[in-house]
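Student: Could you take me through one part of this protein closely? I would like to see how a sheet and the helices beside it fit together.

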Amino acid sequence: MKIADIRAVRIDWPERGAGTEQWRPSWTVDAEVANPMSRYPRVKRHRSLWLPRTWGQVWCKVTLEDGTWGLGLTDHGRATAAVIDDHIAPNLIGEDGFAIERLTDMMWRMTMPYGSTGLASYAVSAVDLALWDAKAKQLGLPVYSLIGGPQKDRLYCYATGDDIDWYRELGFTAFKLPCPYGPADGLEGLAKNETRVAEARELIGEDAELMLDCWMALDVEYAVRLAGSLRPYRLKWLEECLIPEDFDAHLELRRRLPWQTLATGEHWYTHLPFQRALRHDAVDILQPDINWCGGLTTCLRIAAAADASGKQVILHGGARNPFGQHFSYAVACVPWTEYFVGSAPGVPLDEAVRIPGQAVAEEGWLVPSDAPGFGLEIPEKWIEPFF
């Protein structure tokens, strides 16, 4: 089944009516979260002060010669869309749309002259996911059936965010906090981090799991001191403490924290850094992002390597859209999936979901849609070219 067309697209979402009234604004509006730019006071307070303001999401639409079409999703707007339209699409049109391993390898190799990681990896992810969606739709099967079928009866979800009282009410029993402060905040920030984690542990009790996401904000020395201060609160894992490219720092952190479970990988691109981490036993839990690292095909490579090494894979944002849900449902070394909650407390999760057809967590569990493809219920009339 040959590829007839590939293009970057936008979704013109219909307007929603009034929904449930919130209790209070979401934590995402104003909560301070430590980040790589925290050392610069002007932009320290919130990531929105320095992240690209207008890029947003990019969808990719792949159309096969019989008219079957599929959609994939990634981020970083115009830059990623240009890679799809200007470079990838002209090289893949006319290829066998079912030969996804070949196509993803071609994309990885053709983007090497300007770097297969970063923005190129985002573009590859969108195309790869659209190919899987189109193939599964043409065959009349959910994507998870093409990669082994359901490996588990349902997906266990942990909630990410700072509104833990609301997540408990929704039925979640595992929680990941954003780390508020980093090295720029000194000893005062270290103490405030411990206070926040202590408050969360008291709220959720001893029978719930608790994690901390440090979002590339720390250095080795600070991460070691932070882990030591938080040891009484029994964190299941400490996440993404370091700048992702500094692999030597990851090895040093592993050496100095042999007792602490470490997780990272959302800002690693292609399968290669994950293979390196496994070879050197640098981390315990790998966290690729299926919309960023190279798509489903790359995540399957990472999972195969992790499983052979006795490690786990828990996707970054794995439950935030159907792409991660299908992967997590089918793969044995994936025990949990991340449910990022950016909506306001009081607003039911099904009102917060934007993608029609996406499964929503109930009491901390979900089962992906069994509709063909990724189960996206997006009509073609909503789709328009990105440029």
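Tutor: Happily: we will begin with the whole chain, go on to one sheet, and then follow the helices from there.

Please keep in mind that this is a predicted model. The protein chain holds twelve helices and 13 strands. Its C-alpha trace spans about 60 × 50 × 45 Å along the principal axes. A compact globule of 387 residues would have a radius of gyration near 21 Å, and the 20 Å of this chain therefore agrees with that.

Now to the sheet. Four strands form an open sheet in the order β3-β2-β1-β13, and the pairing is antiparallel. Try finding the two edges: they are β3, residues 69–75, and β13, residues 383–385, each of which pairs on one side only. If you look from strand to strand, neighbours are turned against each other by 40° on average, with direction ignored.

Strand β1 covers residues 3–11, and three bridges join this strand to β13, with the two running antiparallel. One place to look is Arg10, whose bridge partner in β13 is Glu384. Strand β1 also pairs with β2, again in the antiparallel sense, over six bridges. Here you can pick out Asp5, which stands opposite Thr63 in β2. As you trace a strand, it helps to know a general pattern: in a regular strand, side chains alternate between the two faces of the sheet.

Next, place a helix against the sheet. Helix α1 lies across β1, β2 (57–64) and β3, and runs at about 170° to β1.

From α1 we can step to a neighbouring helix. Helix α1 (residues 77–92) packs with helix α2 (residues 100–110) at an angle of about 140°, and their axes are 11 Å apart. The two helices are therefore oblique to each other. In passing α2, helix α1 makes a right-handed crossing. On the α1 side the contact uses His87, Ile88, Asn91 and Leu92, while α2 brings Leu103, Met106, Met107 and Met110. Sorted by type, the residues of this contact are six nonpolar and two polar, with no charged ones.

Helix α2 has another partner to look at. With helix α3 (residues 119–139), α2 packs at an angle of about 165°, the axes being 10 Å apart. That angle is over 145 degrees, so α2 is roughly antiparallel to α3. This crossing, too, is right-handed. From α2 come Ile100, Leu103, Thr104 and Met107, and from α3 come Val124, Val127, Asp128, Leu131, Trp132 and Lys135. Their residues divide into seven nonpolar, one polar and two charged. Notice that Leu103 and Met107 belong to the contact with α1 and also to the contact with α3.

To practise, turn to another helix pair. Helix α6 (residues 186–204) and helix α7 (residues 220–230) pack at an angle of about 40°, with axes 10 Å apart. This makes α6 oblique to α7, and their crossing is right-handed. Residues of α6 in the contact include Gly186, Leu190 and Val197, and those of α7 include Tyr222, Arg225 and Leu230. By type, the residues of this contact are six nonpolar, four polar and two charged.

Note on methods
Residues are numbered from 1 along each chain as its sequence is written. This is a predicted model: local features need pLDDT of at least 70, side-chain atom pairs count only at pLDDT 80 or more; totals for chains, interfaces and linings use all residues. Side-chain values use heavy atoms; hydrogens and water are left out. Axes are lines fitted to C-alpha atoms, for helices over the stretch in contact, and angles run from 0 to 180 degrees between N-to-C directions. Angles under 35 degrees count as roughly parallel, over 145 as roughly antiparallel, 65 to 115 as roughly perpendicular and the rest as oblique. A crossing is left-handed if the near helix is turned anticlockwise from the far one by less than a right angle, and right-handed if clockwise. Contact means heavy atoms within 4.5 Å. Ala, Val, Leu, Ile, Met, Phe, Trp, Tyr, Cys and Pro count as nonpolar, Asp, Glu, Lys and Arg as charged, and the others, Gly among them, as polar. Two strands pair if DSSP finds at least two bridges between them. The radius of gyration is taken over C-alpha atoms; the globule rule is 2.2 Å times the number of residues to the power 0.38.
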